[in-house]
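Biologist: I am new to this structure and would like a close look at a single part of it. Could you set the whole chain out briefly and then stay with one helix and one residue in it?

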Amino acid sequence: MDDPQAPASRRARKHRVNEGVNRLLQTPGWNPYVQARDDSSPAGAAREALGHARIGDAQRAAESCAECGKARAASGDPTDLCPRHLAEAMGTRLP
Ligand SMILES: [Zn+2]
């Protein structure tokens with residue numbers, strides 16, 4: 001709940017700032033998150049961090065994946081992934 005005692009101008013200003021940030025994030029070529037995913041940009045460190053996060057996501061998903069379980073049992077490698085999660089970890093998506 002908004003505090004009715006708070007000055008309206010302060011709340012309105014905060015709201016305006018949030019709107020401005022959101023508009024900026026939607027501007028093509030500005031959003032740092034989009035740029036980090038763009039393979040043509042040399043955003044090395046940021047992209048590497050995103051890649052690690054993606055691998056973490058894939059391995060978390062793989063913990064509840066039966067195909068990954070089979071791949072691990074077949075190879076004896078406890079970090080093995082099924083083709084779908086392997087592709088996700090590599091940043092590619094299977095058709
Ligand atoms: Zn899997």
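Modeller: Of the 95 residues in the protein chain, 6% are buried, where buried stands for 20 or more other C-beta atoms within 10 Å of the residue's own, exposed for 12 or fewer, and partly exposed for a count in between, with C-beta atoms placed from the backbone. This is a predicted model, in which local features need pLDDT of at least 70 and side-chain atom pairs count only at pLDDT 80 or more, while totals for chains, interfaces and linings use all residues. Residues are numbered from 1 along each chain as its sequence is written.

The average pLDDT of the protein chain is 75, and 68% of the residues score at least 70; pLDDT is the predictor's confidence in each residue, from 0 to 100. The protein chain holds five helices and zero strands, these being DSSP runs numbered from the N terminus, with H or I over at least four residues for a helix and E over at least two for a strand. Among these elements, the lowest mean pLDDT, 52, belongs to helix α2 (residues 32-37), and the highest, 94, to α4.

Helix α4 is therefore the part I take up here, as its mean pLDDT of 94 is the highest among the elements. The helix is hardly covered, for one of its ten residues is buried, and just after α4 comes Gly-76, which takes a positive phi of about 75 degrees.

Within α4, which spans residues 66-75, lies Arg-72. Arg-72 is partly exposed because 17 other C-beta atoms lie within 10 Å. Once its neighbours within four places in sequence are left aside, Arg-72 is in contact with Asp-77, Pro-78 and Asp-80, contact meaning that the C-beta atoms of two residues, placed from the backbone, lie within 7 Å. Cys-82 is ten residues from Arg-72 in sequence, and the two are 8.3 Å apart in space, C-alpha to C-alpha.
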